[in-house]
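Me: I would like a close look at a single part of this model, namely the largest pocket and its surroundings. Which residues line the largest pocket, and which of them lie nearest its centre? Please state the cut-offs behind each term.

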Amino acid sequence: MAQRIGKFERFARAIARAAGQQWAFAFALGIIVIWAITGPIFHFRDTWQLVIHTGTTIITFLMVFLIQSTQNRDSEAMHLKLDELLRSCGGAHNAVLDIEELSEEELDQLKQAYAALAKKALRDIRSGKSDLGVPKLEKELEANESQALSTNARRQRATS
């Protein structure tokens with residue numbers, strides 16, 4: 001199962017890690033200071049300005065892809081770790097293991113169901129009850145689904 005990461009992944013991680021170091025910022029700042037100091041030497045010509053603009057544009061363009069590559073990999077690893085934690089918890093809903101593949105409407109329904117659970121837990125705490133345990137999400141999902149259906153039916157009646 002453990003397979004070595006490729007050359008590009010190692011390179012991207014190394015560059016992204018290096019770019020986040022203090023010395024990298026100091027180096028970039030030093031380049032800007034040197035460029036600014038050389039302005040009078042080059043009489044602030046267009047070529048002088050073009051050097052910094054072109055250099056920073058190229059570096060920024062390439063860094064976007066390198067950083068995005070490492071971000072994608074880190075995000076995927078984080079999702080897998082969370083999926084494993086959810087899978088191993090007895091009271092967790094396995095349906096959320098693939099939650100990033102749901103539609104916006106399905107995500108909204110889940111969010112509303114969890115918000116309803118949170119409101120109920122807050123009411124319980126305020127009334128002196130415990131909010132511990134693993135409440136059932138199905139009731140909230142069904143309530144939100146029936147509410148969404150009745151809202152859609154009213155919209156359809158209003159438009160016809």
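Reply: **The largest pocket and its helices**

Confidence in the protein chain is lowest in helix 5 (residues 138-159), with a mean pLDDT of 66, and highest in helix 2, at 96; pLDDT is the predictor's confidence in each residue, from 0 to 100, and helices are DSSP runs of H or I of at least four residues, numbered from the N terminus. The model is predicted, with local features needing pLDDT of at least 70 and side-chain atom pairs counting only at 80 or more, while totals for chains, interfaces and linings use all residues. Residues are numbered from 1 along each chain, and side-chain values use heavy atoms, leaving out hydrogens and water. The chain as a whole averages 84, and 84% of its residues score at least 70.

The largest pocket (an open set of points on a 1 Å grid where a 1.4 Å probe fits, with protein on both sides within 12 Å along at least five of seven lines) holds about 480 Å³ of space, the volume filled by probe spheres set on the points. Its lining, meaning residues with an atom within 4 Å of a point, comprises 17 residues, with Ala24, Phe27, Ala28, Ile31 and Ile59 nearest the centre. Helix 1 (7-19), helix 2 (22-37) and helix 3 (46-88) each give two or more residues, and helix 3 supplies the largest share, eight. The lining has 14 nonpolar residues, three polar and no charged; Ala, Val, Leu, Ile, Met, Phe, Trp, Tyr, Cys and Pro count as nonpolar, Asp, Glu, Lys and Arg as charged, and the others as polar.

Two of these helices also pack on helix 3. Helix 2 does so at about 175 degrees, with the axes 11 Å apart; the two are therefore roughly antiparallel (over 145 degrees, between N-to-C directions of lines fitted to C-alpha atoms over the stretch in contact, on a scale from 0 to 180). Ile31, Ile32, Trp35 and Ala36 of helix 2 meet Trp48, Gln49 and Ile52 of helix 3, contact meaning heavy atoms within 4.5 Å. That contact has six nonpolar residues, one polar and no charged. Helix 1 packs on helix 3 at about 105 degrees, with axes 9 Å apart, and is therefore roughly perpendicular to helix 3 (65 to 115 degrees). Its contact residues divide into nine nonpolar, two polar and four charged.

Note on methods. Angles under 35 degrees count as roughly parallel, over 145 as roughly antiparallel, 65 to 115 as roughly perpendicular and the rest as oblique.
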